[in-house]
Amino acid sequence: MTSAASGCILLLLGPVLLSAEAVDDAVLDLYRTPREGSLSYYWNLSESQRGTCFQWPEPAAGKNGVWTSVALPVVSSQTFYDGRTCGMCIEFLHTDVGRGPRYLGSKHGGPEEHQPPANERTRLFVNNACGDCEYENQMDVSLNSRKGLWQATWVAVDCEPDTTPVQFIFGRGSSEHFIGLQARNLPIPVKGIEYYHPINDKWYTMSQGFTGMFKFQATETGLGWPDELLKPPLRVRVTSLKGQALETNVSRIGEAFEVIDSDPPIFFEGITGDAPTGSCTAVEEASRTPCGPSDVASLSTTHHCAG
Ligand SMILES: *[C@@H]1O[C@H](CO)[C@@H](O)[C@H](O)[C@H]1NC(C)=O
Ligand SMILES: *[C@@H]1O[C@H](CO)[C@@H](O)[C@H](O)[C@H]1NC(C)=O
């Protein structure tokens with residue numbers, strides 16, 4: 001499976017049809033409703049291919065308790081939601097253990113040693129979009145040493161940023177005229193960032209880019225040069241997917257992708273807490289749609305899920 005290098009899938013996207021509220025609800029539903037889907041693999045991200053979310057290297061939230069990172073589909077049964085899932089953690093359960101060897105050599109399954117961890121909750125961190133994930137609820141996992149398409153039941157859960165506060169990175173070309181800003185290392189995705197301009201004493205909603213960054217142009221203030229300039233410290237208000245809003249400052253405009261701690265440090269609440277709200281028992285066996293021809297429904301897939 002191939003996932004998008006940063007930016008290059010923009011052309012595949014049609015107009016956004018869902019309202020902002022409908023998208024929020026769809027993203028929240030990933031926490032409420034476990035999905036029966038599949039897991040495939042693609043290459044390792046790197047400095048030249050940081051993924052569409054620009055969350056490589058991953059912040060603490062994307063490392064603590066996390067197996068590896070994952071790309072979600074922008075096609076078919078898409079769950080990427082224009083980057084609104086960037087920074088989300090997912091737990092999956094691979095129970096259809098027998099599939100790999102049986103489908104060896106075909107598109108489904110894969111060599112036994114490439115199967116994901118079986119019968120145990122395994123956590124992934126969303127940091128990319130997958131442009132050719134055509135299977136329902138497919139997840140494309142970044143691990144270039146493995147192959148195959150595997151059964152996986154999954155649900156979104158809180159990440160664990162632990163004691164590391166919210167951090168910021170700037171996109172390429174940020175300056176006092178234009179900023180692309182990302183807030184990261186929350187337990188759940190970011191919904192929005194507002195910027196406060198001190199000269200006209202006004203909060204502005206930064207516009208969301210597909211790339212996991214929020215953008216603002218100095219000219220949007222209408223103040224004219226030089227009053228319009230975006231001078232650090234930048235006073236910002238970050239709102240999480242859950243709607244919790246916290247104010248902090250970004251001390252300077254960093255180089256592209258340089259990590260800057262929130263100052264004062266801010267920490268957000270999660271949604272699910274330690275125990276995921278859903279387990280795969282919530283997915284009716286009859287409505288499970290495994291990734292290939294399989295007798296998954298006859299296997300005992302439910303009793304492992306709550307464990
Ligand atoms: C890809 O990432 C995995 C997990 O981090 C690592 O074990 C593996 O060595 C990496 N492969 C390459 C070619 O860097
Ligand atoms: C951010 O910095 C501004 C200006 O220095 C200050 O007035 C404000 O209180 C700071 N915000 C927080 C949350 O500390």
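Ala, Val, Leu, Ile, Met, Phe, Trp, Tyr, Cys and Pro are counted as nonpolar, Asp, Glu, Lys and Arg as charged, and the others, Gly among them, as polar. On this basis, the residues of the shell around ligand 2 divide into 2 nonpolar, 2 polar and 2 charged. The structure described here is a predicted model.

The shell of ligand 2 consists of Pro233, Arg235, Glu247, Thr248, Asn249 and Pro264. Its main contributor is strand β14 (residues 245–250), which supplies 3 residues. Pro233, one of the residues surrounding ligand 2, is found in the loop between β12 and β13. Ligand 1 is surrounded by Asn44, Thr68, Leu143, Asn144 and Ser145. By class, the shell of ligand 1 comprises 1 nonpolar residue and 4 polar residues, with no charged residue.

Two strand assemblies were examined. In the first, 6 strands form a closed barrel in the order β1-β5-β2-β4-β3-β6, and the pairing is mixed. From one strand to the next, the twist averages 50°. Strand β1 (residues 35–42) and strand β6 (residues 150–157) run antiparallel and are joined by 5 bridges. Within this pair, Gly37 stands opposite Ala152 of β6.

Strand β4 (residues 122–130) of the barrel contains Ala129. Ala129 counts as buried because 36 C-beta neighbours lie inside 10 Å. A separation of 7.8 Å is found between the C-alpha atoms of Ala129 and Gly83, although these residues are 46 residues apart along the chain. Gly87 occupies the loop between β2 (66–73) and β3 (89–93). Gly87 is likewise classed as buried, since 29 other C-beta atoms fall within 10 Å. Its C-alpha atom is separated by 9.9 Å from that of Asp158, 71 residues apart from Gly87 along the chain.

The second assembly is an open sheet of 5 strands, ordered β11-β12-β8-β7-β15, with antiparallel pairing. Because β11 (207–208) and β15 (260–261) each have a single partner strand, they stand at the edges, and one side of each is left without a neighbour in the sheet. Strand β7 (residues 167–170) pairs with strand β8 (residues 178–184) in the antiparallel sense over 4 bridges, and Phe168 has Ala183 in β8 as its bridge partner. Strands β8 and β12 also run antiparallel, joined by 4 bridges; here Ile179 stands opposite Phe216 in β12. The antiparallel strands β11 and β12 are joined by 2 bridges, with Gln208 opposite Phe214 in β12.

In a regular strand, the side chains alternate between the two faces of the sheet. Strand β12 (residues 214–217) shows this alternation: Phe214 and Phe216 point to one face and are buried, whereas Lys215 and Gln217 point to the other and are not. Both phenylalanines thus described are bridge partners across the sheet, Phe214 facing Gln208 and Phe216 facing Ile179.

The largest nonpolar core has 63 residues, and those with the most contacts inside it are Val70, Cys89, Ile90, Leu124 and Met139. Strand β6 gives the most to this core, with 6 residues. Because domain 1 (10–158 + 274–298) and domain 2 (167–261) both give residues to the core, it lies between them. In soluble globular proteins, nonpolar side chains tend to be buried together.

Several backbone features were also identified. Most residues other than glycine have a negative phi, and most peptide bonds are trans. The peptide bond from Trp225 to Pro226 is cis, with omega near 0°, and Pro226 lies in the loop between β12 and β13 (234–240). A cis peptide bond, with omega near 0°, also runs from Pro232 to Pro233. Positive phi values in residues other than glycine include that of Phe54, near 55°, and that of Asp82, near 50°. Phe54 belongs to the loop between β1 and β2, whereas Asp82 is placed in the loop between β2 and β3. Phe54 is buried, as 24 other C-beta atoms lie within 10 Å. Asp82, in contrast, counts as partly exposed because it has 19 C-beta neighbours inside 10 Å, and the threshold for burial is 20 or more.

Key. Residues numbered from 1 in each chain as written. Chains lettered and ligands numbered in written order. Predicted model: local features only at pLDDT ≥ 70, side-chain atom pairs only at ≥ 80, totals over all residues. Near = placed C-beta within 6 Å. Pairing = 2+ DSSP bridges. Buried ≥ 20, exposed ≤ 12 C-beta atoms within 10 Å, placed from the backbone. Axes fitted to C-alpha atoms, helices over the stretch in contact; angles between N-to-C directions. Core = buried A, V, L, I, M, F, W, Y, C linked by C-beta atoms within 7 Å. Domains from an automatic or database assignment.
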